[in-house]
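Student: I would like to take a close look at one part of this predicted model, namely the empty space enclosed inside it. Please guide me through it in one connected account.

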Amino acid sequence: MEVTGKSCVPVTSASVVRHYANNFLSHGATIERLLETAGICPVYLDVPDAVVPLDNAYRFAELACHSLQTQHLGLHVGLASSPADFGRYGRGLLTTTTLGEYLARAAALFNALTSGERLWLSEHGTRIGVNISSPGDVGLGMYQSHLGTMAVTLKVCREVMGPSWSPDEIGFAYRSREKLPYCDLFAESRIQFGLPHSFIMIPRSAMALRLPQKLQYPCDGDSQLIPLLPASLVGLAEKQIEAFIAEGRRFHIESVAESLAISKRALQRAIGGE
């Protein structure tokens, strides 16, 4: 991949990929070969503040689905997750007090978790849409990301609105060849596939409801300091280097370029252009 200093490789937090990988391991599978096939060096997942190219993360999720013979790994990951599993971003969401604040903060700071996907809220009369979209062609790996994000969001909504609540409508950009497995979270929902983007519809009246105390995370400096991902390739390279140093790991320009799925030459040219 050849890029310029002004462009940026879409990335996601290594903590997200590590969470998927840990769930994959819980099924008794091995992940090193799948990670390497997807272009992800396994040791990078042990660096909390590192990032992984989004296309590589999608590829890993796709390979994991094929290995486990499912199209819905993201659903299982989401159901086994809480926002706090996704680092400072997730913990920061849980310092809010109402569902409306939680969702607004999730959308406003989503770029702290991934620079390639978009999360936004939309108004539809008595309902609020929680929407997610991704760049490029809609594929199986991308679908896992949407499934996981939506499952975690639905779990938080149910904690707020009660154990019998489920959204009246859910939409997915992906056209799944398999039915979604039964899940109580959306047992009563109308589900559509092959749409322009994925979404969940939530009652507007629920926005003022408070998050249960058991969900809330203590408000501290770490949960409030949620930096967005860099908007340039040079910024991403600097972030990777800082993440490696913080973990006491050695690095060189080849390893930084490899971690961003670009050539050493492209990275050198970008740095020189700055």
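Student: How many residues line the largest cavity, and which of them lie nearest its centre?

Tutor: The lining of the largest cavity consists of 33 residues, and Val16, Phe86, Leu113, Ser145 and Thr149 are the ones nearest its centre. Please keep in mind that the model is predicted. The space in this cavity comes to about 450 Å³. Several helices take part in its lining: α1, α3 (54–68), α4 (73–79), α5, α6 (99–108) and α7 each contribute at least two residues. Of these, α7 gives the most, with seven residues. Sorted by class, the lining has 21 nonpolar residues, 11 polar residues and one charged residue.

The largest cavity belongs to a set of four cavities of 30 Å³ or more. The second largest cavity has a volume of about 50 Å³. Its lining is made up of Leu75, Leu147, Met150, Ala151, Leu154, Ile170, Phe172 and Phe186. By class, these are eight nonpolar residues, with no polar and no charged ones. Helix α7 again provides the largest share of the lining, here four residues.

Helix α7 also leads us to the nonpolar core. In soluble globular proteins, nonpolar side chains tend to be buried together. The largest nonpolar core in this model holds 81 residues, and Phe60, Tyr89, Leu99 and Ile202 touch the most other members. Helix α7, residues 140–161, supplies the largest share of this core, 10 residues. Tyr89 may serve as an example of a core member: leaving aside residues up to four places away in sequence, Tyr89 touches Ala106, Leu109, Phe110, Ala112, Leu113, Leu119 and Ile226. Leu113, in this list, is also one of the residues nearest the centre of the largest cavity.

A pocket, which is open, may be set beside these cavities. The largest pocket has a volume of about 410 Å³. It is lined by 23 residues, and Pro48, Asp49, Arg88, Ala112 and Lys239 are the closest to its centre. Its lining has 14 nonpolar, three polar and six charged residues. Helices α1 (14–26), α5 (87–93) and α9 (233–246) each supply at least two residues of this lining. Both α1 and α5 also supply at least two residues to the lining of the largest cavity.

Finally, the setting of these spaces is a chain with 11 helices and seven strands. Buried residues make up 52% of its 274 residues.

Notes. Residues numbered from 1 in each chain as written. Predicted model: local features only at pLDDT ≥ 70, side-chain atom pairs only at ≥ 80, totals over all residues. Heavy atoms only, no water. 1 Å grid on protein atoms, 1.4 Å probe; cavity = no way out; pocket = protein on both sides within 12 Å on 5 of 7 lines; lining within 4 Å. Points joined across faces, edges and corners; volume = space filled by probe spheres on them. Nonpolar A, V, L, I, M, F, W, Y, C, P; charged D, E, K, R; others polar. Core = buried A, V, L, I, M, F, W, Y, C linked by side-chain atoms within 4.5 Å. Buried < 20%, exposed > 50% of the residue type's maximum accessible area, 1.4 Å probe, protein only. Contact = heavy atoms within 4.5 Å.
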